[in-house]
Amino acid sequence: MLEDMVRNLFYIGIIVSASGLIGPPFALAAGLVFGLTTVHHFHVESRQLSKFLLQAAVVCLGFGMNLKEVVHAGRSGFLYTAISITFVLSLGVLLGKLLRVEKTQSLLIAVGTAICGGSAIAAMGPVLDAGEEEMGVSLGTVFVLNSVALLLFPLIGWSMHLTQTQFGLWAALAIHDTSSVVGAGAKYGATALAVGTTVKLARALWIVPLAIATATLRKSKSKIYWPWFILYFCVAAVLASYVPRYLPQTMGIFAALNRLGKSALTVVLFLIGTGITRNTLKEVGVRPLIQGVTLWIVVASISLWAIHAGWIAL
């Protein structure tokens, strides 16, 4: 009886999130309440569904992007992300050693912070021969910080009077997962969403060379994860930028796909919230969480200072 009620609440949460009645931050908050107050047995399925929905949502959001903005933000953001990733990986490994976090776990947390959260951890885990516990702890750390960032970043942005472009760039450089970057950007404004999504995807591209380099050094034969959805996002942006010039009737279709992407993203954030349970928090442990929090605070603070001072700009 109780299990049926929990299942029904889960489905209701998905439906309400998809309906547009609540925004991304509220969907995440509802998911967190559900995950922390109930015991459900489908968190694995939730994680798999959220991964697929996130990629589909990003592609659909591409239909609302302007190609010139995508190219400009992606070109400038690629350099910033390269510098950021090198710095974060180095600092993350150093913090892991100082805190005596297990080596593989420490590297996964550093990679997740440097590149794109859960996606980077999922790609690098097999290459590093990470066990289920190491993967779980690393993913748990990143998911907890993602949830905090989605709720906290827009408040900081508004209090510091960041422009939408500045906020989108900051979110892309300092928030772990693409889902939370898109959610925070959507909360802040359309330009913040466009800049944040594009720069974040440029950052996510670093999964491939990093995974290949690591596999080569470790002589690992694990299959490398290729983020094909980024290519589809770019194709969607091309179609949305040029097709309506010749077929004006397609504007309505592209707008509908863009709205569908925003609805899917809201569902993704609810699902991510449900995946953070009391067991997740227990499994993370103190030292990995301290490493993740410290690394994240340093990255967020330095990138915010550089953007606010005009050292980093698009």
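A residue counts as exposed when its relative accessible area is over 50% and as buried when that area is under 20%, with partly exposed residues in between; these terms are used in the legends below, which describe a predicted model.

**Figure 1. The loop residue R100 of the predicted model is exposed.**
R100 is placed in the loop between helix 4 and helix 5, the latter spanning residues 103-114. Because its relative accessibility is 63%, R100 counts as exposed. The phi angle of R100 is near 60°, a positive value in a residue that is not glycine. Most residues other than glycine have a negative phi.

**Figure 2. H161, in the loop between helix 7 and helix 8, has a positive phi.**
The view is centred on H161, whose loop joins helix 7 (132-159) to helix 8. Although H161 is not a glycine, its phi is positive, at about 55°. With a relative accessibility of 68%, H161 counts as exposed.

**Figure 3. Helix 8 is mostly covered.**
Helix 8 comprises residues 164-174, and eight of its 11 residues are buried. The buried residues of this helix are F167, G168, L169, W170, A171, A172, L173 and A174.

**Figure 4. The second largest pocket has a lining to which helix 4 and helix 15 each supply at least two residues.**
This pocket has a volume of about 290 Å³. Its lining consists of 13 residues, and those that lie nearest the centre of the pocket are I83, S84, I302, S303 and I312. Helix 4 covers residues 67-98 and helix 15 covers residues 286-308, and the largest share of the lining, six residues, comes from helix 15. By class, 11 of the lining residues are nonpolar and two are polar, while no charged residue takes part in the lining.

**Figure 5. The side chain of T198 lies 2.8 Å from a backbone oxygen in the chain.**
T198 is found in helix 10, which runs over residues 190-204. A polar atom of the T198 side chain and the backbone oxygen of A194 are separated by 2.8 Å. T198 has a relative accessible area of 5% and is therefore buried.

**Figure 6. E3 and F26 are each shown with a residue distant along the chain.**
E3 belongs to helix 1 (residues 2-19), and because its relative accessibility is 45%, E3 counts as partly exposed. The C-alpha atom of E3 is 7.4 Å from that of H40, a residue 37 positions away along the chain. F26 lies in helix 2, which spans residues 24-37, and at 55% relative accessibility F26 counts as exposed. Between the C-alpha atoms of F26 and L151 the separation is 9.0 Å, whereas these two residues are 125 residues apart along the chain.

**Figure 7. The whole protein chain, as context for the close-up views, contains 15 helices and zero strands.**
Of the 314 residues in the protein chain, 53% are buried. Where contacts join residues at least 6 apart in sequence, 82% of these contacts are between residues at least 24 apart. The accessible surface of the chain comes to about 14800 Å², and carbon and sulfur atoms account for 69% of this area.

Terms used
Residues are numbered from 1 along each chain as its sequence is written. This is a predicted model: local features need pLDDT of at least 70, side-chain atom pairs count only at pLDDT 80 or more; totals for chains, interfaces and linings use all residues. Side-chain values use heavy atoms; hydrogens and water are left out. On a 1 Å grid over the protein atoms alone, a cavity is a set of points where a 1.4 Å probe fits but cannot get out, and a pocket is an open set with protein on both sides within 12 Å along at least five of seven lines; lining residues have an atom within 4 Å of a point. Grid points are joined across faces, edges and corners, and a volume is the space filled by probe spheres set on the points. Helices (H or I, at least four residues) and strands (E, at least two) are DSSP runs, numbered from the N terminus. Ala, Val, Leu, Ile, Met, Phe, Trp, Tyr, Cys and Pro count as nonpolar, Asp, Glu, Lys and Arg as charged, and the others, Gly among them, as polar. Buried means under 20% relative accessible area, exposed over 50%, partly exposed in between (1.4 Å probe, protein chains only). Contact means heavy atoms within 4.5 Å. Accessible areas come from the Shrake-Rupley method with a 1.4 Å probe; for residues, only the protein chains shown count as cover. A polar contact is a pair of N or O atoms within 3.5 Å; within protein, one must be able to donate a hydrogen and the other to accept it, and residues adjacent in sequence count only if both atoms are side-chain atoms.
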